[in-house]
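The following exchange examines how labels are assigned to parts of a structure. Each answer sets a computed value against the criterion behind the label.

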Amino acid sequence: MSQHFDLIAIGGGSGGLAVAEQAAQLGRRVAIIEAERLGGTCVNRGCVPKKVMWYAAHVAEAVADAPWFGIRAASEGVDWPTLIGGRNRYVGAINDHWDGYAERPESPGSRATAGWWMRAPSRWTGSATAPITS
Ligand SMILES: Cc1cc2nc3c(=O)[nH]c(=O)nc-3n(C[C@H](O)[C@H](O)[C@H](O)COP(=O)(O)OP(=O)(O)OC[C@H]3O[C@@H](n4cnc5c(N)ncnc54)[C@H](O)[C@@H]3O)c2cc1C
């Protein structure tokens with residue numbers, strides 16, 4: 001089955017999602033082909049998980065410094081399963097947002113006649129006419 005699009009984003013990271021959303025808002029028919037999870041590097045292994053870890057380290061440092069300020073607080077260590085589990089749930093919630101985005105009423109493509117099409121996981125293999133494999 002062949003379909004036609006005005007714009008195809010290869011990769012559903014920050015760049016692909018932004019350009020596709022903008023084009024859909026302008027009434028274009030767009031597709032996103034993403035080999036892994038929608039959200040790309042920033043959501044899945046970059047900015048978002050890094051910031052959770054950075055914030056956790058910041059909290060631990062604040063507890064360690066607390067006595068100097070006269071605040072009674074003592075760390076009993078890091079509960080790694082809780083930290084990592086929370087981090088993964090946070091990332092998962094963003095994945096879930098993007099997974100159903102094309103079908104939701106707030107998606108610009110569903111308002112425009114043009115429409116969105118998202119496929120993840122799928123990988124662009126280099127052909128202009130048969131571009132994906134699942
Ligand atoms: C550890 C780390 C921390 C970071 N922290 C920050 C931060 O705090 N703030 C900030 O602004 N930036 C941060 N960045 C940078 C940020 O992640 C990138 O700037 C951003 O992800 C780039 O977006 P992109 O869409 O160009 O690429 P990506 O997000 O990498 O998306 C590309 C997507 O293309 C997909 N893809 C590749 N080949 C194919 C194919 N053949 N077919 C289908 N799909 C394919 C990949 O699976 C990927 O999901 C961080 C990066 C890292 C690594």
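The questions below concern a predicted model.

Q: What makes up the chain, and in which order do its elements run?
A: The chain contains 5 helices and 5 strands. Starting at the N terminus, the order is β-α-β-α-α-α-α-β-β-β.

Q: Why is Val63 called partly exposed?
A: A residue is buried with 20 or more other C-beta atoms within 10 Å of its own, and exposed with 12 or fewer. Val63 has 14 C-beta neighbours inside 10 Å, and therefore counts as partly exposed.

Q: Where does Val63 lie, and which residues does Val63 touch, not counting residues up to four places away in sequence?
A: Val63 belongs to helix H3. With residues up to four places away in sequence left out, Val63 touches Ala73 and Ser75; the criterion for such a contact is C-beta atoms within 7 Å. As for Ala74, its C-alpha atom is 6.3 Å from that of Val63, with the two positions 11 residues apart in sequence numbering.

Q: How do you know that the end C-alpha atoms of H1 are as far apart as they should be?
A: The expected span is 1.5 Å times one less than the number of residues. For the 12 residues of H1 this gives 16 Å, and the end C-alpha atoms are 16 Å apart, which agrees.

Q: Which residues of H1 are buried, and how do you know that they line one face of the helix?
A: The buried residues in H1 are Gly16, Leu17, Ala20, Ala23 and Ala24. Seen down the axis of H1, they fall within an arc of 140 degrees, so they line one face of the helix. In general, an α-helix has 3.6 residues a turn, so residues three or four places apart point the same way.

Q: What phi does Gly27 take just after H1?
A: Gly27, just after H1, has a positive phi of about 85 degrees.

Q: What makes up the shell around the ligand, by class?
A: The shell has 6 nonpolar, 9 polar and 4 charged residues, with Gly counted as polar. Of the 19 residues around the ligand, Gly11, Gly13, Gly15, Gly40 and Gly46 come nearest.

Q: Which elements and domains supply the shell around the ligand?
A: At least two residues come from each of helix H1 (14-25), helix H2 (40-44), helix H3 (47-65) and strand E4 (123-124). Domain 1 (1-38 + 99-134) and domain 2 (41-98) each contribute at least three residues to the shell.

Conventions
Residues are numbered from 1 along each chain as its sequence is written. This is a predicted model: local features need pLDDT of at least 70, side-chain atom pairs count only at pLDDT 80 or more; totals for chains, interfaces and linings use all residues. A residue is near a molecule or strand if its C-beta atom, placed from the backbone, lies within 6 Å of it. Domain bounds come from an automatic or database domain assignment. The arc is that of the directions from the helix axis to the C-beta atoms. Two residues are in contact if their C-beta atoms, placed from the backbone, lie within 7 Å.
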